[in-house]
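Student: I should like a close look at a single part of this structure. Please describe one residue, its contacts, and the sheet to which its strand belongs.

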Amino acid sequence: MTQPLLTLSNVETYYGRIMAVRGVSLAVPEGAIVTILGSNGAGKSTILKTISGVMRPRKGAITFADKPLAGVEAADIVGLGISHVPEGREIFPFMTVRENILMGAYLRADRTHIEQDIEDWLDRFPILRERAGLPAGLLSGGQQQMLAICRAMMSRPKLLLMDEPSLGLSPMLTRQIFEIIREINERFGTTILLVEQNAKLALSTAHLGYVLEVGRIVLEGPTTELMDNADVKEFYLGLSNEGVRGERRWKRKKMWH
């Protein structure tokens with residue numbers, strides 16, 4: 001197994017007095033795609049926000065490329081090599097498509113290379129090139145997701161955090177977005193931590209997976225093994241286990257070493 005690029009150790013994050021992440025420990029190997037599965041409200045998005053510095057953990061440690069992230073501001077975390085594609089895209093609707101992409105490079109000083117990167121990303125997304133001068137708020141949901149990915153990649157991250165990239169998209173656009181995710185990983189070697197409700201697609205795309213329930217990791221392992229797990233099949237892939245349904249009884253199990 002490749003050395004972890006990112007590790008979380010017993011992380012706890014709160015919304016006021018409510019604990020949303022309950023002692024989560026996980027590792028993201030360099031060069032891998034890792035997915036976090038879980039129902040709505042399980043704490044998946046909170047984990048990504050905690051990593052990117054949008055939220056502060058109350059307990060535990062986060063280490064990225066052997067550097068502790070405790071107390072590091074969100075902008076500085078981007079500078080270390082982490083980009084976040086948030087749930088709902090959060091593009092700047094009144095700025096042009098091109099200006100949105102440029103915003104992803106706000107920490108970079110290499111102006112010549114920035115312009116070349118913008119052109120390269122517009123080449124990969126011809127529809128964005130066609131609409132580069134239009135307000136980003138006029139784009140469709142799928143186009144906005146493409147734009148959010150371009151913006152995040154403009155900082156040339158080592159780790160890309162992706163939160164529900166298929167949210168609100170048609171099946172065809174969802175497949176296209178996941179093809180882009182695979183390309184980013186394979187072509188650029190970018191490590192990806194992916195939160196996604198479409199469990200089947202997430203497991204078929206990622207190399208490793210974690211299952212989160214009520215803020216806790218309850219199962220983890222290679223995605224090929226998770227797809228064969230009876231509980232994952234029943235509760236996330238919609239495959240009934242001999243017609244038996246009832247209270248979920250997870251027993252946390254590490255499926256790799």
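**A residue in its sheet**

Tutor: In this predicted model, I36 lies in strand 3, which spans residues 33–37. The residue has a relative accessible area of 0%; because buried means under 20%, I36 counts as buried. Leaving aside residues up to four places away in sequence, I36 touches L26, K44, I47, L193, L194, V195, E196, Y210 and L212. One of these contacts, L194, is 158 residues from I36 in sequence, yet the two C-alpha atoms are 6.2 Å apart in space.

The wider setting is an open sheet of 6 strands, with mixed pairing and the order 6-7-8-3-9-10. Strand 6 (82–85) and strand 10 (216–222) stand at the edges; each has a single partner strand, so one side of each is left without a neighbour in the sheet. From one strand to the next, the twist averages 15°.

At one of these edges, strand 6 pairs with strand 7 (residues 159–163) in the parallel sense, over 4 bridges. Within this pair, H84 stands opposite L161 of strand 7.

Two helices also pack on the sheet. Helix 1 (residues 44–52) touches strand 3, strand 6, strand 7, strand 8 (191–195) and strand 9 (208–213), and its direction makes about 150° with that of strand 7. Helix 6 (residues 141–153) touches strand 6 and strand 7, and its direction makes about 170° with that of strand 6.

Methods: Residues numbered from 1 in each chain as written. Predicted model: local features only at pLDDT ≥ 70, side-chain atom pairs only at ≥ 80, totals over all residues. Heavy atoms only, no water. Buried < 20%, exposed > 50% of the residue type's maximum accessible area, 1.4 Å probe, protein only. Contact = heavy atoms within 4.5 Å. Pairing = 2+ DSSP bridges. Axes fitted to C-alpha atoms, helices over the stretch in contact; angles between N-to-C directions.
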